[in-house]
Amino acid sequence: MDEAYPELGRGITQPPLPPFDTNLGAAAQGAPLRPRPSSHAPGSSRGRGPADTAVDAMQQPALRLVRLGRVPYTELLGLQDRWLRRLQTELGTEGLSGTEAGALLLCEPAGPVYTTGLRGGLTPEETARLQALGAEVRVTGRGGLATFHGPGQLLCHPVLDLRRFGLRLRKHVAALEACAVRLCELQGLQGARARPPPYTGVWLDERKICAIGVRCGRHITSHGLALNCSTDLTWFEHIVPCGLVGTGVTSLSKELQTHITVDEIMPPFLVAFKEIYKCTLISEDSPS
């Protein structure tokens, strides 16, 4: 049976990232993530060489990295559906190739689109009003209520087999939150934090900078996070984002008082994702 987790709310020097502790949902509480215990004796890392590092990389789950660039939202959903069918077809087998565990789909929406989740969030009258503004309105299978996607926003949809990562759904959501929190820290925004439900996502005080809404069926995830980089925030004024009255939205550009593009933010985001999920990313145009 499918289950959806509600989207209920909610030159840079890059220091090393702490490993994500799969036994801890700390990101959901805004607490720092504890390092995963090492399988090596204290101090033994000094004796580890390139061969050890190569073995570690081979043991990590691998994800196909698919960077779509700026595309219509429907193109992202279409590719997501193809990956879902692929993983579901191979469920119960070794699947894919070796440690390959799915795909990481990244894009920037080409145009304005409002989406609703399994809990709805828009009446027919509201839908007509938003379409009159020139926006697309789509019903999706993720959890949560209405939100906005558009140019200047990074959409990250991991389509992955959670069993390969030893994660349950809530810990997958906490890992996504941790990625966005760490990215904000790398940009100098130290106040970013995750909050417990009903404020799922990443916040700066009462301003949401990253929305999260996922779906999981038979251990396979879809949908993910939407991080505001240089998004035109006025689009959010036409809805109650995620159904939370009295909260606001923000972006990296607004907080840092400088224009931050999706392309600029992609490299540090991938660093955060790889180290928190402990995975290897294989570019789509790389050999299988």
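## A buried ring to start from

Let's begin with Phe148, which is buried at a relative accessible area of 1%. Please keep in mind throughout that this is a predicted model. The ring of Phe148 has a partner, Trp235, and that residue is buried as well, with a relative accessible area of 18%.

The structure holds eight aromatic pairs. In the pair made by Phe148 and Trp235, the ring centres are 5.5 Å apart and the planes meet at 5°, so these rings are stacked. Where do the two residues sit along the chain? Phe148 belongs to strand β6 (residues 147-149), while Trp235 is in the loop between β11 and β12 (248-249), so the pair ties together parts that are 87 residues apart in sequence. There is company here too: Tyr114, Phe148, Trp235 and Phe236 form one aromatic cluster.

## Two rings and an arginine

Another aromatic pair joins Tyr199 and Trp203. Here the arrangement is edge-to-face, with 5.8 Å from centre to centre and 75° between the planes. Are these two residues buried or partly exposed? Tyr199 counts as partly exposed, at 27% relative accessibility, whereas Trp203 is buried at 0%.

Arg195 meets both rings. Its charged end sits over the ring of Tyr199, 4.1 Å from the centre. Arg195 also lies over the face of Trp203, at 4.8 Å from that ring's centre.

## The nonpolar cores

In soluble globular proteins, nonpolar side chains tend to be buried together. In this model, the largest nonpolar core has 45 residues, and Phe269 and Tyr277 touch the most other members. Several elements give two or more residues to this core: the strands β2 (62-71), β3 (100-109), β7 (153-160), β9 (202-204), β10 (207-217) and β11 (220-228), together with the helices α5 (169-186) and α7 (262-277). Which element gives the largest share of this core? That is α5, with 10 residues.

For a closer look, take Tyr277. Leaving out residues up to four places away in sequence, Tyr277 touches Phe165, Leu167, His172, Ala175, Leu176 and Cys179. Elsewhere there is a second, separate core of 17 residues, and among them are Leu76, Trp83, Leu87 and Cys107.

## Cysteines without partners

How many disulfides does a search of the whole structure find? The result is zero. Two cysteines help to show why. The sulfur of Cys156 has its closest cysteine sulfur in Cys179, 7.1 Å away, which is too far for a bond. For Cys184, the closest cysteine sulfur is that of Cys210, at 7.7 Å, and this is again too far for a bond. A disulfide would need the two sulfur atoms within 2.5 Å.

Both of these cysteines are out of reach of the surface probe by the numbers: Cys156 is buried at a relative accessible area of 0%, and Cys184 counts as buried at 0% too.

## A serine in strand β11

To finish, look at Ser222, which lies in strand β11. Is Ser222 buried or exposed? With a relative accessible area of 5%, Ser222 is buried. Setting aside neighbours within four places in sequence, Ser222 is in contact with Gln80, Leu84, Pro158, Val214 and Arg215. Strand β11, where Ser222 lies, is also one of the elements that give two or more residues to the largest nonpolar core.

Note on methods
Residues are numbered from 1 along each chain as its sequence is written. This is a predicted model: local features need pLDDT of at least 70, side-chain atom pairs count only at pLDDT 80 or more; totals for chains, interfaces and linings use all residues. Side-chain values use heavy atoms; hydrogens and water are left out. A nonpolar core is a set of buried Ala, Val, Leu, Ile, Met, Phe, Trp, Tyr and Cys residues joined through side-chain atoms within 4.5 Å. Buried means under 20% relative accessible area, exposed over 50%, partly exposed in between (1.4 Å probe, protein chains only). Helices (H or I, at least four residues) and strands (E, at least two) are DSSP runs, numbered from the N terminus. Contact means heavy atoms within 4.5 Å. Rings of Phe, Tyr and Trp (its six-membered ring) pair if their centres lie within 6.5 Å; planes under 30 degrees apart count as stacked, over 60 as edge-to-face and the rest as tilted. A charge sits over a ring if NZ of Lys or CZ of Arg is within 6 Å of the ring centre and within 35 degrees of the ring normal.
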